[in-house]
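Work through these exercises with the model open. Each task is followed by a worked solution.

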Amino acid sequence: MLAFIAQRLAKAVVVLLAIVAFNFTLIRMAPGDPAMVMAGEAGASDQIFVTQLREKFGLDQPLPVQLYRYVKGIVTLDLGFSFRQQMPVAKLIAERLPATLLLTVTAFVISLLLGILFGTLAARFAGTWADTAITILALIFYATPLFWVALMAILLFSVSMDWLPSFGYETVGANYTGFAHVLDVGAHLILPATTMGLFFMATYARMTRASMLEVKRHDFVKTARAKGLRDAVIQRRHVLRNALLPVVTLAGLQAGTLVGGAVLTETVFAWPGIGRLMYEALLQRDYNLLLGVFVVCSAMVLAFNLITDLIYRAVDPRIEFAS
Amino acid sequence: MLKRVVLSLLVANALSTAAFAEEPKSGGVINAVIQPEPPGLMVGLVQNGPTQMVAGNIYEGLLRYSPKLEPLPGLAESWSVSEDGKIYTFKLRKGVTWHDNKPFTSADVAFSIDFLKQTHPRARGNLAQLDKVETPDDYTVVFTLKQPFGPFLGIFEVGSLPMIPKHIYEGTDYKTNPTNNTPIGTGPFMFKEWQKGSFIRLVKNPNYYIKGLPHLDEIYWHVIPDAAARAVAFETGKVDVLPGGSVENFDVPRLTKLKNVCVTGAGWEFFSPHSWLWLNNRQGPTANKKFRQALMYAIDRNFAKDVIWNGLAKVATGPSASTIKYYTDKVTTYDYDPAKAKALLKEAGYKGEKVRLLPLPYGETWQRWAEAVKQNLQDVGINVEMIATDVPGWNQKVSDWDYDIAFTYLYQYGDPALGVGRNYISSQISKGSPFNNVEGYSNPEIDQLFADGATAFPDSKREDIYLKAQKILTDDVPVAWQLELQFPTITRCNVKNLVTTAIGVNDGFRDAWLDK
């Protein structure tokens, strides 16, 4: 297994560097650069101002030189300096990462648990009103745009009912500590995490239902039933376990995008995470910051792909590592 | 030397009397919205709008300006101008300290001038006529100009010429000085905390030099990136102040109808945001004066004012906004008249060539406006192609002159020499800036008029010059002027005395108080 992991890690480094070079080239093909954006924001600018900024950011150098410098930095784990925020990129990402992870991991756990639960129930009671209700709800959540759900949730739970806060990570100025702080953050987390989780919950529910109905038809399930096993045991031990492989694949893919996948949710709910940082960096052509976020996201995707492969092995012992 | 003393204490007292008709109450916290999140708060280094809006509480300038653009005392308590208009002597307030308790003196003023010449493109332009700065004592600063410069007294507001602490920045690399992250000024509020992506917190300066000010204890500036979410934050009472431009225009009527909500369009007199369409004078149909005049007749600007901007605007008559000096409406006017537009297009020999229209990518209001203009132009037979961009792309295309028609709006800074001439004189034709003579209009007579207008003395001579320039420009239509914009400031009605000067919220919350 160790040889398998080592081989995958070596491949991951090569893929990561290729992604860096590709992203570096791609973002520079977009019109406008950070110097122009900052000059634009200044409300007045002259050639001296723009030239000073380009020199300061190293943008006056030929593109291959800029790429060489950037890759050299990456190799030494230096993600560079944010032009606009005037801070090291690694520091900016580290500041925002906890908020994003809190949001996305919560959304991930909610969606996975509820998705599997509802999928299992739908499969168990296939053809009944419960199955129909779950299927219709899943279809609605799957098809509704995230930003619309977010705005409707704000309108309902913040504006009309005044139950939950509509923006931010915590109540600014309240200075809560201890458990009160946890509750405060929790209250702020409910709307964005649920909104974000609904789509994936629907996906998992549909996937689990379909997969379980498929597995149910297999002979080994009939055998288990013939052996007189209780239905709950059959469902849990024989059907669900075998039906989970596609769900694990999907969850692995989603987990890889946990860091960068919250752009819309973070923007609508003013959640101070990496998704927003990435969105703002894109609008401001803050090359280093944008590339830094891409590097972290890419690394997460590669890491979770590896973890997914390892989980396959745990879920289905018949799968072997090919080294 | 006979001096013409221009003491504005009387004006200031009159304003104060009016403003403080209600007895202000001390204490309280105000929650305001800031969007987008500023890249930094050191206003000498970063000049974008959100930076000034927050930093206007931390830093100060030598002067402030009344809504009629009369200079008011700031860090300077009085000033005088020599008879030849070349020497300006400022007397500074005594007892002013920086937030680290070091005294503010004339040495800081001289240092700030040097600092800003290096870092602040607008200050660099405004100070082009400055010959030398002398500091005969700690509380006197003498500016000597190479030649008279009419708008000189108009360049001292906090965003244009903020005072920078010499003892902190002298001998350091300004751009990497650690104090940039914890800015030190003389203003009524001090920087306390900045949680990036969430909020900026300012607290009362207990040593502020005006007794009894500021009234508030703290200000929180909330960073909320989505316009709809900002509107909800106000609606649910989580924020008390929405500075101009915080929400989309179509939300303004709804929000202002809520209980205990007040709105004002005041506080933008100095900036006077003026919108127009850049028309590429170099090539294509827009190079033809008759085509440009046809555009003016083809566009229904009253529709844009009433529907797109909810009446929060005024139809522009020419290159100057009505709020800045030497404005006249005695110029050629262009009322909505599609038939006249069609006739002019025929005279111009327009054969249906494609014209690229670049909207300003500043949100839904601007997008809707561009669509309305596109419809107007199509109605008179102009073949319009809308080009979608984001902000960097827009900057790039406009700065590289890669457009036919492009939306924009620019500040005018109270005087045609500061904020109007730059868009029409030949010396300002150069790629790389979206703020200069982007349209490529070149007229030696206009060049001469703006050159003379900046240096003529006294004011009466300047007025004649600028009236003539406005007439020529409205005939030539180098750009298609649209609206004088108003960015309404929306507040809870118990937030009192917030907008008192020509730069409104940008001047800080010095005089604001909460009626609890």
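**Exercise 1.** In this predicted model, find which residue of β19(B) stands opposite L277(B).

Solution. Start with the two strands. Strand β14 of chain B covers residues 274-279, and strand β19 of chain B covers residues 479-485. They run antiparallel and are joined by four bridges. Now read across from L277(B): the residue opposite is A480(B).

**Exercise 2.** Place β14 and β19 of chain B in their sheet, and name the edge strands.

Solution. Write out the strand order: β15-β19-β14-β18-β16-β17 in chain B. That is an open sheet of six strands with mixed pairing. Next, look for strands that pair on one side only: these are β15 (313-315) and β17 (383-386) of chain B. Finally, take the twist, which averages 30° from one strand to the next.

**Exercise 3.** Determine which strands helix α11 of chain B lies across.

Solution. Locate the helix at residues 364-379 of chain B. It lies across β16 (354-358), β17 and β18 (405-410) of chain B. Then compare directions: helix α11(B) runs at about 160° to β17(B).

**Exercise 4.** Check the length of helix α4 of chain A against its expected span.

Solution. Count 13 residues, 63-75. At 1.5 Å a residue, taken over one less than the number of residues, the helix should span 18 Å. The end C-alpha atoms of α4(A) are 18 Å apart, so the two agree. Just after the helix, L77(A) takes a positive phi of about 60°.

**Exercise 5.** Describe residues 71-416 of chain B.

Solution. Begin with the record: an unreviewed UniProt entry annotates this stretch as "domain: Solute-binding protein family". Then take the composition: 27% helix and 23% strand. The end C-alpha atoms of the stretch are 17 Å apart.

Key
Residues are numbered from 1 along each chain as its sequence is written. Chains are lettered from A and ligands numbered from 1 in the order in which they are written. This is a predicted model: local features need pLDDT of at least 70, side-chain atom pairs count only at pLDDT 80 or more; totals for chains, interfaces and linings use all residues. Two strands pair if DSSP finds at least two bridges between them. Axes are lines fitted to C-alpha atoms, for helices over the stretch in contact, and angles run from 0 to 180 degrees between N-to-C directions. Two residues are in contact if their C-beta atoms, placed from the backbone, lie within 7 Å. UniProt positions are given in the numbering used here, feature names are shortened, and annotations may be inferred rather than shown by experiment.
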